[in-house]
Amino acid sequence: MANAVRLHDEKAAVCSLEKLVWREGPVCPHCGETCRLGRLSGQSTPIGAWKCYACRKPFTVRHGTIFQNSHVPMHVWLQGLYLLVASKHRVSSQKLGQVLGVSVRTAWHLKTKIAAGLAAAEDYEEPQGAVRLLERVVREPIADDPAPLQPGQAVCKSRYERFLKAIENLADASSDALFLDALHQLLLPSSELERSSGILASGRGIEQQLELSLFDDGKRQMGGSRSPPREDGET
Ligand SMILES: [Zn+2]
């Protein structure tokens with residue numbers, strides 16, 4: 001099957017997403033160039049960064065989607081989306097934050113943004129002739145690698161272990177299909193969605209601020225005065 005979506009780390013998640021979005025190969029979202037493009041690979045360059053040598057602008061596959069301008073890694077978004085969809089949106093921000101290793105505030109932000117994105121996509125009619133290829137979700141086994149993990153890898157690995165454990169109880173046979181369907185909806189360019197719905201436009205200003213607390217690990221919980229709303233969902 002084409003375009004398997006992998007969720008275990010950032011590189012895998014970004015590559016999966018690139019295959020989903022750029023079925024014919026990468027396209028510069030600024031000028032439409034498809035040839036003079038290069039993947040940026042400097043040490044401080046974020047995973048998934050590209051440069052267009054026609055218009056000289058950088059871009060990523062997130063451009064034009066609800067994931068644009070987010071500091072939350074793509075694999076965290078995808079794991080969060082899976083958990084939300086598999087739980088029929090009943091997972092609380094607290095639980096989501098625990099599994100993903102992010103602050104409650106960041107988890108609340110992910111939930112809000114995903115719900116708004118899906119609501120906006122509901123009103124959107126796909127252009128005639130849009131093709132959906134077969135896809136599947138891949139759960140990579142966690143390798144017992146004797147080599148010591150780099151700090152970032154260790155965080156990814158333990159997050160993925162928590163994710164797999166969480167979906168053991170949540171997911172059923174329909175979860176993969178629901179996840180892929182939701183992901184497709186969220187990958188619709190937000191500019192097109194805004195034409196059919198104004199929902200995504202709200203709340204964009206507080207996005208950066210909310211994400212500053214990413215990777216809080218419990219030592220520095222919720223310092224701000226603005227708290228996410230209380231929820232009655234599963235904890
Ligand atoms: Zn360009």
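Where in the chain is the place of Asn 69? In this predicted model, Asn 69 falls in the loop between strand 4 (58-59) and helix 2. Asn 69 is not a glycine, yet its phi is positive, about 65°. The residue counts as exposed, because 11 C-beta neighbours lie inside 10 Å and the cut-off for exposure is 12 or fewer.

A second residue of this kind is Lys 88. Its phi is near 55°, again a positive value in a residue other than glycine. Lys 88 sits in the loop between helix 2 and helix 3. It is exposed, with 10 other C-beta atoms within 10 Å. A positive phi also appears just after helix 3, at Gly 101, where the value is about 70°.

The chain as a whole holds eight helices and five strands. Read from the N terminus, the order of elements is β-α-β-β-β-α-α-α-β-α-α-α-α. The chain has 235 residues, and 32% of them are buried. Among contacts with a separation of 6 or more, 71% join residues 24 or more positions apart.

Helix 1 comes early in this order. It covers residues 10-21. Its twelve residues should span 16 Å at 1.5 Å a residue. The C-alpha atoms at its ends are 16 Å apart, so the expected span and the model agree. Several of its residues are buried: Ala 12, Ala 13, Val 14, Ser 16 and Leu 17. The cover over these buried residues includes strand 1 (5-6) and helix 2.

Helix 2 (74-86) returns in the description of helix 3, as part of what covers that helix. Helix 3 spans residues 93-100, and six of its eight residues are buried. Helix 3 is therefore largely enclosed by the rest of the structure. Its buried residues are Ser 93, Lys 95, Leu 96, Gly 97, Val 99 and Leu 100. Besides helix 2, their cover includes helix 4 and helix 5 (151-170).

The largest nonpolar core draws these helices together. It contains 40 residues, of which Trp 77, Leu 81, Tyr 82 and Leu 83 touch the most other members. Two or more residues come from each of helix 1, helix 2, helix 3, helix 4, helix 5 and helix 6. Helix 2 gives the largest share of this core, ten residues. Leu 83 shows how such contacts run. Leaving aside neighbours within four places in sequence, Leu 83 is in contact with Val 91, Leu 96, Val 99, Ala 166, Ile 167 and Leu 170. Two of these partners, Leu 96 and Val 99, are among the buried residues of helix 3.

The packing of helix 4 against helix 6 can be described next. Two packed helices are described by the angle between their axes and the distance between the axes. Helix 4 covers residues 104-122 and helix 6 covers residues 175-186. Their axes are 9 Å apart and meet at an angle of about 80°. Angles of 65 to 115 degrees count as roughly perpendicular, and helix 4 and helix 6 are therefore roughly perpendicular to each other. On the helix 4 side, the contact is made by Ile 114, Gly 117, Leu 118 and Ala 121. On the helix 6 side, it is made by Ala 182, Gln 185 and Leu 186. The residues of this contact divide into five nonpolar, two polar and no charged.

Leu 118 offers a closer view of this contact. Its place is in helix 4. Not counting residues up to four places away in sequence, Leu 118 touches Ala 182, Gln 185 and Leu 186. Leu 118 counts as partly exposed, because it has 19 C-beta neighbours inside 10 Å and burial requires 20 or more. Leu 118 and Leu 188 are 70 residues apart in sequence, while their C-alpha atoms are 9.9 Å apart in space.

Asp 181 lies in helix 6. Asp 181 is partly exposed, with 16 other C-beta atoms within 10 Å. Asp 181 and Val 85 are 96 residues apart in sequence, and their C-alpha atoms are 9.7 Å apart in space.

Technical notes
Residues are numbered from 1 along each chain as its sequence is written. This is a predicted model: local features need pLDDT of at least 70, side-chain atom pairs count only at pLDDT 80 or more; totals for chains, interfaces and linings use all residues. Axes are lines fitted to C-alpha atoms, for helices over the stretch in contact, and angles run from 0 to 180 degrees between N-to-C directions. Helices (H or I, at least four residues) and strands (E, at least two) are DSSP runs, numbered from the N terminus. Angles under 35 degrees count as roughly parallel, over 145 as roughly antiparallel, 65 to 115 as roughly perpendicular and the rest as oblique. Two residues are in contact if their C-beta atoms, placed from the backbone, lie within 7 Å. Ala, Val, Leu, Ile, Met, Phe, Trp, Tyr, Cys and Pro count as nonpolar, Asp, Glu, Lys and Arg as charged, and the others, Gly among them, as polar. A nonpolar core is a set of buried Ala, Val, Leu, Ile, Met, Phe, Trp, Tyr and Cys residues joined through C-beta atoms within 7 Å. The expected span of a helix is 1.5 Å times one less than its number of residues.
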